[in-house]
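Student: I am new to this structure and would like a close look at a single part of it, the packing of one pair of helices. Could you take me through that part carefully and then place it in its surroundings?

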Amino acid sequence: MSITNLGTIENFNNFIRSPNLSVVHFSAEWADQCKQVTEVLNELSKLPDVQSSGSKIGLCNAESLSEISLQYKVDSVPTVIFFRNGSQVDRVDGADAARISSKVKAHSLNKAVYVEVNSEKLEDRLKALINKHNVMVFMKGTRDTPKCGFSRTLIQILNGTGVQYDTFDILTDEEVRQGLKEYSDWPTYPQLYVKGELVGGLDIIKELQASGELDPTLNA
């Protein structure tokens, strides 16, 4: 089984409609890690269990098919997404060869329990993190060393309110970074939660600050 090059949106959509496992590697030519992941997938495609299951592997240029990348929230490469019947069932962000290999093997054998158990564990973990403090910020970096301008501005605003809060650096945990996007249906960071409920990102916080509603929201 060879890796299929998915050069158009039509090719991509047709490829993922299969009832068997369809593995798509979102890559870019300039990224060396993508070449490593392609090599891993090429070796996996030769495994008897993968071949006999009818699983197939495709290569998608994340920049050329930016519309598809946006649809599936691919904001970095390499990203490997697993599909059945046109629906995403799993994903691995980053060049984690061990996780990619284990997930390809498990999904090829259609171990649905494997997916459900891991999804439940992640959801429980996200709930625990969100409720770790009354006010939680999921951001790039920490309160002392923010690693993007949006996160830095949000921290400055919170510090100005005097409210007690905790932070989580999403750059240290790719599973949380991607999982929280799905869980909260909010695609960007930073994200602010109060008592386990999503308030929003920086734009929302600025609006609340301008209207005088930020302090009541934080102390609800």
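Tutor: The axes of α7 and α9 come within 10 Å of each other and cross at roughly 30°. Because angles under 35 degrees count as roughly parallel, the helices α7 and α9 are described as roughly parallel to each other, and their crossing is left-handed. All of this is read from a predicted model, and the values that follow should be taken in that light.

On the α7 side of this meeting you will find F150, T153, L154 and I157, and on the α9 side L202, I205, K206 and Q209. Sorted by character, the residues of the contact of α7 with α9 divide into five nonpolar, two polar and one charged.

The two helices also belong to a wider setting, the largest nonpolar core, which has 16 residues and in which V135, V137, L158, Y165, L192, I205 and L218 touch the most other members. The elements that each supply at least two residues of this core are β6 (135-139), α7 (149-161), β8 (191-194), α9 (202-211) and α10 (214-218), and the largest share, four residues, comes from α7. I205 is thus worth finding twice, since I205 is one of the α9 residues that meet α7 and is also listed among the core residues that touch the most other members. For a view from another residue of that list, follow L158, which touches V137, V163, Y165, L192 and L218, leaving aside residues up to four places away in sequence. Apart from this core lies another one, of 14 residues, among them A62, L65, I68 and F83. As a general background, nonpolar side chains in soluble globular proteins tend to be buried together.

From α7 it is a short step to the loop between β6 and α7, where K140 is found. With a relative accessibility of 26%, K140 counts as partly exposed, because that class lies between the 20% and 50% limits. Leaving out residues up to four places away in sequence, K140 touches P146, K147, C148, S151, D169, I170, L171 and R177. K140 and G160 are 20 residues apart in sequence, and their C-alpha atoms are 20 Å apart in space.

The loops beside β8 also hold backbone details that a careful reader may want to check. The peptide bond from Y189 to P190 is cis, with omega near 10°, and P190 is found in the loop between α8 (174-184) and β8. In the loop between β8 and β9 (197-200) lies K195, whose phi is near 50°, a positive value in a residue other than glycine.

A second loop shows both kinds of detail, namely the one between α4 (66-71) and β4 (79-84), where P78 is found and where K73 also has its place. A cis peptide bond joins V77 and P78, with omega about 0°, while K73 has a positive phi of about 55° although it is not a glycine. K73 counts as partly exposed, at 22% relative accessibility.

To set the pair you asked about beside another one, look at helix α2 (residues 32-44) and helix α5 (residues 97-108), whose axes come within 10 Å and cross at roughly 30°. The helices α2 and α5 are therefore roughly parallel to each other, and α2 passes α5 in a right-handed crossing, whereas the crossing of α7 and α9 is left-handed. In this second contact V37, V40, L41 and L44 of α2 meet A97, I100, S101, V104 and K105 of α5, and the residues involved divide into seven nonpolar, one polar and one charged.

Stepping back to the whole chain, its secondary structure comes to 10 helices and nine strands, and its C-alpha trace spans about 60 × 35 × 30 Å along the principal axes. Of its 220 residues, 43% count as buried. Among the contacts in the chain with a separation of 6 or more, 65% come from residues 24 or more positions apart. By contrast with the buried residues, S2, in the segment before β1 (4-5), is exposed, with a relative accessible area of 57%. S2 and I155 are 153 residues apart in sequence, and from C-alpha to C-alpha they are 49 Å apart in space.

Key. Residues numbered from 1 in each chain as written. Predicted model: local features only at pLDDT ≥ 70, side-chain atom pairs only at ≥ 80, totals over all residues. Heavy atoms only, no water. Core = buried A, V, L, I, M, F, W, Y, C linked by side-chain atoms within 4.5 Å. Buried < 20%, exposed > 50% of the residue type's maximum accessible area, 1.4 Å probe, protein only. Contact = heavy atoms within 4.5 Å. Axes fitted to C-alpha atoms, helices over the stretch in contact; angles between N-to-C directions. Parallel < 35°, antiparallel > 145°, perpendicular 65-115°, else oblique. Left-handed = near helix turned anticlockwise from the far one by under 90°. Nonpolar A, V, L, I, M, F, W, Y, C, P; charged D, E, K, R; others polar.
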